[in-house]
Amino acid sequence: MSTTTPGTTRRTLPVVATALTGTVALYIALVAFGNITDFGTNQDFVRHVLAMDTTFKDKDLMWRAVTDTALQDAAYVAIIAWETVAALLLIAGTWLWARGSYAPARRISTYGLLMVMLLFGAGFLAIGGEWFAMWQSEDWNGLDAATRVFLVSGVVLLVNHLPNGQAEPTT
């Protein structure tokens with residue numbers, strides 16, 4: 001015998017999607033804000049990862065290193081811009097979920113969550129972790145944090161796409 005009353009899913013799933021999307025929005029907004037207001041802290045992180053100066057210095061890999069500080073800083077500014085756009089999309093998605101505009105909320109939230117997943121998955125796990133051998137560094141290894149953010153964002157994306165039993169426009 002089910003204890004769920006009819007319509008419970010219709011009411012609770014958007015609340016859950018709102019809360020979880022808002023959580024990732026808050027996180028990535030704080031990350032972007034921190035990177036903007038305390039530019040130097042993660043600038044050093046990006047510079048060390050790209051320079052590969054704390055890896056095993058295998059001659060077969062070191063040709064990948066980016067040691068030009070202008071290129072390193074350009075990459076860091078691009079990361080901050082990406083984080084900022086993702087945060088704005090997720091804030092908008094949270095607002096749309098909260099006001100009951102489910103189809104646009106799902107669409108906008110998907111874009112924001114995808115941006116977070118691409119940054120932390122393709123950017124930090126694949127490019128930083130593998131291409132620049134971040135996994136070799138004891139001091140400048142962000143793979144655990146990137147994995148957590150990637151997985152949490154993926155779970156939120158899945159929740160955002162669960163059917164809530166309401167007819168939605170296909171636009």
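**Close-up 1. L96, a buried residue of the second core.** In this predicted model, L96 has a relative accessibility of 11% and therefore counts as buried, since buried means under 20% relative accessible area. L96 belongs to helix α3, and, when residues up to four places away in sequence are set aside, L96 touches S101, P104, A105 and I108. Sequence separation and distance in space can both be read for the pair L96 and L119, which stand 23 residues apart along the chain and have C-alpha atoms separated by 23 Å.

**Close-up 2. The largest nonpolar core and its separate neighbour in the list of cores.** The largest nonpolar core is built from 29 residues, and those with the most contacts inside this core are V24, I28, L90, L113, V116 and F120. At least two residues of this core come from each of the helices α1 (8-37), α2, α3, α4 (102-131) and α5 (143-160). A second core, separate from the largest one, has five residues, among them L96, W97, Y102 and A105. Returning to the largest core, L90 is in contact with T21, V24, A25, I28, S109, G112, L113 and V116, once its neighbours within four places in sequence are left aside.

**Close-up 3. S153, a buried serine in helix α5.** S153 is found in helix α5, and with a relative accessibility of 1% this residue counts as buried. A polar atom of the S153 side chain lies 2.9 Å from the backbone oxygen of V149. Not counting residues up to four places away in sequence, S153 touches V24, L113, V116 and M117.

**Close-up 4. The salt bridge between D73 and R47.** The structure holds one salt bridge, which D73 forms with R47, and the closest N and O atoms of the pair are 2.7 Å apart. This pair links distant parts of the chain, because D73 is in helix α3 while R47 is in helix α2, 26 residues apart. R47 has a relative accessibility of 26% and so counts as partly exposed.

**Close-up 5. A nonpolar patch on the surface.** W63, I127 and W131 form a nonpolar patch on the surface, and together these residues have about 360 Å² of accessible area. W63 is located in the loop between α2 (39-51) and α3 (69-99). With a relative accessible area of 58%, W63 is exposed, because the term exposed is used for values over 50%.

Key. Residues numbered from 1 in each chain as written. Predicted model: local features only at pLDDT ≥ 70, side-chain atom pairs only at ≥ 80, totals over all residues. Heavy atoms only, no water. Patch = residues over 30% accessible without salt bridge, like charges linked within 9 Å, V, L, I, M, F, W, Y side chains within 5 Å. Areas by Shrake-Rupley, 256 points an atom, 1.4 Å probe, with all protein chains shown as cover. Salt bridge = Lys/Arg side-chain N within 4 Å of Asp/Glu carboxyl O. Helix = DSSP H or I, 4+ residues; strand = E, 2+ residues; numbered from the N terminus. Buried < 20%, exposed > 50% of the residue type's maximum accessible area, 1.4 Å probe, protein only. Core = buried A, V, L, I, M, F, W, Y, C linked by side-chain atoms within 4.5 Å. Contact = heavy atoms within 4.5 Å. Polar contact = N/O pair within 3.5 Å; in protein donor to acceptor, adjacent residues only side chain to side chain.
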